[in-house]
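The following exercises are to be worked through with the sequence and the structure at hand. Each task is followed by a solution in steps.

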Amino acid sequence: MNDPVSVIIPTFNRAERLPKSVRSVFAQTPRPLEIVLVDDGSTDGTREVVAELEREARDCDVVLRAIFKENGGVASARNAGIDAATGEWIAFLDDDDRWYPHKLAVQLERLQETGADACSAVCLIVDPDGFDLWPEKGVRLIDGFNPGDYLRMKRIATVLSFVVRRDAIERTGKFDTDLRMAEDLEWIARLVHEAEFCAVREVLLSYDRTNPEGSLTQESCQDDIFRNHENREKMLMLMRERCSTRRGWDEEAWRYRAGLEYRMYVRHRLRAKHWRKAVELFERGMELSHGADPIARMRGKVRKARL
């Protein structure tokens, strides 16, 4: 497959790490048509690094299109990249993560074999405690057309592994800039209702979570996790609002997802001994999920919290 690929890389204050990410794209065979690098208001010398990378890109016969904008978060940065991209296919990479050299070749071959609109792959997650695979062994990768399976989290993948046909992104719409966290989860929910997926069940990229400072996507402390509950609740409601009229919508699967989400919120509050908030979230989760099993299992622990 010789269709051109645009790689979108948002960055923010990662001047030291950014070159490794960009060079992992230079190493692809075949190389992509272009890299759209969106600097989301960096203040650390990223412009100088980008200038050097532009020179390297010319040597590799790759167009590096740099966009400098005010800070607005990862969703706005990816949207700016989508607007500027010219390729038939769109792929995503973050500023401290890396692709393996054969990533694009393997995924483009799989897309050609299947005629699918998008392709997912396994990601190696690197964090301070070691390594993990997302998803483990690739058996839960998003594959085929199964929106309900994504809502239930039976099928998962990171957006950083995706290669997506441009017209599927146009049907899906942009990333939500009001969501400062979990914007990728809500966007994927729309994408799986619009795109037929294929999957490559091998590790094709690595995702670095060892240094969240300066990240556009990671939480930095427990307080941020609690503040993010409201953000994720909004994400959950937007999933239903924006997908309920799309092909393949599964209301029962969404209720199950609501049960999973609120179980997580309740657990966090119980661990922090925020008893009243835990009870409030449990009741809200039971209402939205219609008593779905994930949240219903918390009934005993919440009863103790009430006491």
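**Exercise 1.** Leaving aside its neighbours within four places in sequence, with which residues is W187 in contact?

*Solution.* The model is a predicted one. Once the neighbours within four places in sequence are set aside, the contacts of W187 are F92, V159, F162, I169, T172, G173, K174 and F175. The next step is to place W187 in the nonpolar core. The largest nonpolar core has 94 residues, and W187 is among those that touch the most other members, together with V22, I35, L64, F92, F162 and V266. F92 and F162 thus appear in both lists. As general background, nonpolar side chains in soluble globular proteins tend to be buried together.

**Exercise 2.** Determine how helix 10 and helix 12 are oriented to each other, and describe their contact.

*Solution.* Begin with the axes: those of helix 10 (residues 275–289) and helix 12 (residues 299–306) come within 9 Å and cross at roughly 140°. Angles over 145 degrees would count as roughly antiparallel, and 65 to 115 as roughly perpendicular. Helix 10 and helix 12 are therefore oblique to each other. The crossing of helix 10 past helix 12 is left-handed. Next, list the residues that meet: helix 10 contributes W275, V279, F282, E283 and M286, while helix 12 contributes R299, V302, A305 and R306. Sorted by class, this contact of helix 10 with helix 12 comprises six nonpolar and three charged residues, with no polar ones.

**Exercise 3.** Locate the cis peptide bonds that T29 and W134 form with the prolines after them.

*Solution.* Most peptide bonds are trans. The bond from T29 to P30, however, is cis, with omega near 5°. P30 belongs to the loop between helix 1 (18–26) and strand 2 (34–40). The bond joining W134 and P135 is also cis, and its omega is about -10°. P135 is placed in the loop between strand 7 (130–134) and helix 5 (147–151).

**Exercise 4.** For N13 and D61, state the sign of phi, and decide whether each is buried, partly exposed or exposed.

*Solution.* Most residues other than glycine have a negative phi. N13, which is not a glycine, has a positive phi of about 50°. N13 lies in the loop between strand 1 (5–11) and helix 1. Because its relative accessibility is 24%, N13 counts as partly exposed. D61 likewise has a positive phi, near 60°. The loop between helix 2 (46–59) and strand 3 (63–69) holds D61. With a relative accessibility of 69%, D61 counts as exposed, since the cut-off for exposed is over 50%.

Note on methods: Residues are numbered from 1 along each chain as its sequence is written. This is a predicted model: local features need pLDDT of at least 70, side-chain atom pairs count only at pLDDT 80 or more; totals for chains, interfaces and linings use all residues. Side-chain values use heavy atoms; hydrogens and water are left out. Axes are lines fitted to C-alpha atoms, for helices over the stretch in contact, and angles run from 0 to 180 degrees between N-to-C directions. Helices (H or I, at least four residues) and strands (E, at least two) are DSSP runs, numbered from the N terminus. Angles under 35 degrees count as roughly parallel, over 145 as roughly antiparallel, 65 to 115 as roughly perpendicular and the rest as oblique. A crossing is left-handed if the near helix is turned anticlockwise from the far one by less than a right angle, and right-handed if clockwise. Contact means heavy atoms within 4.5 Å. Ala, Val, Leu, Ile, Met, Phe, Trp, Tyr, Cys and Pro count as nonpolar, Asp, Glu, Lys and Arg as charged, and the others, Gly among them, as polar. A nonpolar core is a set of buried Ala, Val, Leu, Ile, Met, Phe, Trp, Tyr and Cys residues joined through side-chain atoms within 4.5 Å. Buried means under 20% relative accessible area, exposed over 50%, partly exposed in between (1.4 Å probe, protein chains only).
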